[in-house]
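Morning, everyone. I have one structure to walk through today, and I'll keep it brisk. Let's put it on the screen.

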Amino acid sequence: MTERAVLAGGCFWGMQDLIRKLPGIVSTRVGYTGGDVPNATYRNHGTHAEGIEITFDPDKTSYRRLLEFFFQIHDPTTANRQGNDVGMSYRSAIYYASDEQKRVAEETIADVNASGLWPGKVVTELEPVGDFWEAEPEHQDYLERYPNGYTCHFPRPDWVLPRRDAAE
């Protein structure tokens with residue numbers, strides 16, 4: 001049994017490279033989501049964000065743990081921006097696939113905000129999952145093929161939420 005998660009947090013290359021290495025991740029693919037253009041492409045993705053679709057084993061990693069890592073590897077306090085990448089394509093968003101995912105996302109955002117560890121309040125959008133248009137082959141697994149390629153994603157050691165019993 002697997003679950004699906006769809007996240008956007010800036011350039012999809014760096015997110016895919018880091019998330020795919022987590023325990024319990026079955027597969028990842030990058031693409032365009034949360035916008036207005038059918039059959040979105042790199043050259044024509046309208047208001048879509050660059051996102052990542054994650055298939056994971058909930059017996060090996062929780063959705064909460066996935067979101068905690070998501071908030072550690074990108075800056076969820078900057079609107080429409082990650083590092084040098086600026087624009088709607090690079091916004092922070094969680095596209096929930098169930099009421100339970102929405103609840104966990106709301107709790108995780110509240111915990112990030114309450115922690116005081118991040119540089120400001122979370123601006124991550126929280127929306128129901130919609131169409132996910134798979135990106136072109138040259139964007140899939142990009143940093144595996146080009147290990148020195150561009151990324152603005154990295155685990156920030158100071159952005160780790162304290163553990164709490166109800167979080168798992």
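This is a predicted model, so keep that in mind throughout.

Start with helix H1. Its buried residues pack against three strands, S1 (3-9), S2 (25-33) and S3 (49-56). They also pack against two helices, H2 (63-73) and H4 (142-145). H1 itself covers residues 12-19, and eight of its eight residues are buried. Reading along, those are Phe-12, Trp-13, Gly-14, Met-15, Gln-16, Asp-17, Leu-18 and Ile-19. Note that Gln-16 and Asp-17 are in that buried list.

Hold on to Gln-16. What does its side chain meet through a polar contact of 3.1 Å? The side chain of Thr-28. Thr-28 sits in strand S2. Is Thr-28 buried or exposed? Its relative accessible area is 15%, and the cut-off for buried is under 20%, so Thr-28 counts as buried. Setting aside residues up to four places away in sequence, Thr-28 touches Gln-16, Arg-20, Ile-52, Glu-53 and Ile-54.

Now the strands. S2 and S3 run antiparallel, joined by eight bridges. For a landmark, find Gly-31, which stands opposite Gly-51 in S3. S2 also pairs with strand S8, residues 132-134. That pairing is antiparallel too, with three bridges. The landmark here is Tyr-32, opposite Trp-133 in S8.

A quick word on annotation. The UniProt record, an unreviewed entry, places "domain: Peptide methionine sulphoxide reductase MsrA" at residues 5-152. Over that stretch the chain is 27% helix and 26% strand. The C-alpha atoms at its two ends are 21 Å apart.

Next, helix H2. Of its 11 residues, 10 are buried, so H2 is largely enclosed by the rest of the structure. The buried residues are Tyr-63, Arg-64, Leu-66, Leu-67, Glu-68, Phe-69, Phe-70, Phe-71, Gln-72 and Ile-73. They pack against S1, H1, S2, S3, strand S6 (92-96) and H3.

That brings us to the nonpolar core. In soluble globular proteins, nonpolar side chains tend to be buried together. Here the largest nonpolar core has 26 residues. Which of them touch the most other members? Leu-7, Ile-19, Ile-54, Leu-66, Leu-67, Phe-71 and Ile-94. S1, H1, S3, H2 and H3 each supply at least two residues of this core. H2 gives the largest share, seven residues. Take Leu-67 as one of the hubs. Leaving out neighbours within four places in sequence, Leu-67 contacts Leu-7, Ile-94, Val-104, Ala-105 and Thr-108. Apart from this core lies another one, of nine residues, including Cys-11, Trp-13, Val-30 and Ala-135.

Last topic: charges. How many salt bridges does a search of the whole structure find? The search finds 12.

Two of them involve Glu-68. The first is with Arg-64, where the closest N and O atoms are 2.7 Å apart. Where do these two sit relative to each other? They are four residues apart in helix H2, so about one helical turn separates them. Arg-64 is at 3% relative accessibility and counts as buried. Glu-68 is buried as well, at 6%. So this is a buried pair, with each residue under the 20% cut-off.

The second is between Glu-68 and Arg-65, at 3.8 Å from N to O. These residues are three apart, again in H2, about one turn of the helix. Arg-65 is partly exposed, with a relative accessible area of 30%.

Now set that beside helix H3, residues 99-115. Glu-100 and Arg-103 both lie there, three residues apart, about one turn of the helix. Their salt bridge has its closest N and O atoms 2.5 Å apart. Glu-100, at 44% relative accessibility, counts as partly exposed. Arg-103, at 35%, is partly exposed too.

There is also a network. Arg-4, Arg-29, Glu-53 and Glu-134 are linked by salt bridges. You have met Glu-53 already, as a residue touched by Thr-28.

To recap, H1 has eight of eight residues buried. H2 is buried at 10 of 11 and gives the 26-residue core its largest share. And Glu-68 in H2 has salt bridges with Arg-64 and with Arg-65. Over to you for questions.

Technical notes. Residues are numbered from 1 along each chain as its sequence is written. This is a predicted model: local features need pLDDT of at least 70, side-chain atom pairs count only at pLDDT 80 or more; totals for chains, interfaces and linings use all residues. Side-chain values use heavy atoms; hydrogens and water are left out. Buried means under 20% relative accessible area, exposed over 50%, partly exposed in between (1.4 Å probe, protein chains only). Contact means heavy atoms within 4.5 Å. UniProt positions are given in the numbering used here, feature names are shortened, and annotations may be inferred rather than shown by experiment. Two strands pair if DSSP finds at least two bridges between them. A salt bridge is a side-chain nitrogen of Lys or Arg within 4 Å of a carboxyl oxygen of Asp or Glu. A nonpolar core is a set of buried Ala, Val, Leu, Ile, Met, Phe, Trp, Tyr and Cys residues joined through side-chain atoms within 4.5 Å. A polar contact is a pair of N or O atoms within 3.5 Å; within protein, one must be able to donate a hydrogen and the other to accept it, and residues adjacent in sequence count only if both atoms are side-chain atoms.
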